[in-house]
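Here are some quick notes to go with the structure, as promised. Have it open while you read.

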Amino acid sequence: MPHLRLLMIGDVVGRPGRELLLHLLKPLREELQADFVVVNAENAAGGIGITPALATEMLEAGADVLTLGNHAWGKRDIYPMLDTEARLLRPANYPPLVPGRGWGIYPTQKAPVGVLVLQGRTFMDPVDDPFRTADDLLTLLRSQTSIILVDFHAEATSEKQALGWHLDGKVGAVIGTHTHVQTADERILPKGSAYLTDVGMTGPIDSIIGMDCNVVLERFRTLLPVRMEVAEGPAQLSGVLVELDTETGRAHRIHRIQRPEYIHHRGDS
């Protein structure tokens, strides 16, 4: 049976994450023979949000789809692009009047790929039910393709696992984003869906989830409001490769990826 190789790269944080992504994306795609690449880019601009120029840069560098999460609204100048660029997705379970879309279907040489972005509710904004939203949209997605990736942007491990089990056998992969720390629980669930609680972060290694350690420590130690700053220094790319059957959409293999790049990156914007 022919397989499609889908590469997902975790939350790109600030300049260090962007520069590493642009440096590694093309050779990594060739090395892994990836047919389709999804990049979570909601922290690409200074650690919060994304701009049209940065989105265009990453798409031109080889990303097939950019996904966003709760920081999708961090830069207001991205709002018009959310309505016009089909390869830029925000979570589908926001109210219907917000800009953009939460899913799309994209052609490849092997088979169409569906991408659905959902946001969790535990310890996060009170968005619509991601479980019900998934059920509503999967009927449409599955009528057009058997290969579906769900980017679940959520805080709680339990909520991510619950959605994974809820969608097992209905999608090809449920990959978590948002917490910026890659988990080691990759597996293929009993009905054929690949699962990973969090794909991790593409950003500075010596940091606290991408932010300057001193700034974050001050916030925790004093409880005073401080402005988060992207850390400087060497960065690491985190991702996951999933092999999917093009006929059934089921996963045959899931493999975590971490690629450090020991060059100095400035942390600003």
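The points below cover one tyrosine with its strand, then a second hairpin, all from a predicted model.

1. Let's start with Tyr106, which sits in strand E6. E6 covers residues 103–106 and has alternating side chains: Gly104 and Tyr106 point to one face and are buried, whereas Trp103 and Ile105 point to the other face and are not. That fits the textbook picture, since in a regular strand side chains alternate between the two faces of the sheet.

2. Why does Tyr106 count as buried? Its relative accessible area is 9%, and the cut-off for buried is under 20%.

3. What is around Tyr106? Ignoring neighbours within four places in sequence, it is in contact with Phe36, Val65, Ala86, Arg87, Leu89, Ala111, Pro112, Val113 and Val115. Ala86 deserves a second look: the Tyr106 side chain reaches its backbone oxygen at 2.7 Å.

4. Thr56 is another matter. It is 50 residues from Tyr106 along the chain, and their C-alpha atoms are 17 Å apart.

5. Now the strand pairing. E6 runs antiparallel to E7 (residues 113–119), with four bridges joining them. The two make a hairpin with six residues in between. Val113, already listed as a contact of Tyr106, is also the bridge partner of Tyr106 in E7.

6. Further along there is a hairpin made by E13 and E14, with five residues between the strands. These strands, residues 235–245 and 251–261, are antiparallel and joined by 10 bridges; in one pairing, Ser238 has Gln258 of E14 as its bridge partner. If you check backbone torsions, go to Gly249 in the turn, where phi is positive at about 80°.

Definitions and conventions. Residues are numbered from 1 along each chain as its sequence is written. This is a predicted model: local features need pLDDT of at least 70, side-chain atom pairs count only at pLDDT 80 or more; totals for chains, interfaces and linings use all residues. Side-chain values use heavy atoms; hydrogens and water are left out. Buried means under 20% relative accessible area, exposed over 50%, partly exposed in between (1.4 Å probe, protein chains only). Two strands pair if DSSP finds at least two bridges between them. Contact means heavy atoms within 4.5 Å. A polar contact is a pair of N or O atoms within 3.5 Å; within protein, one must be able to donate a hydrogen and the other to accept it, and residues adjacent in sequence count only if both atoms are side-chain atoms.
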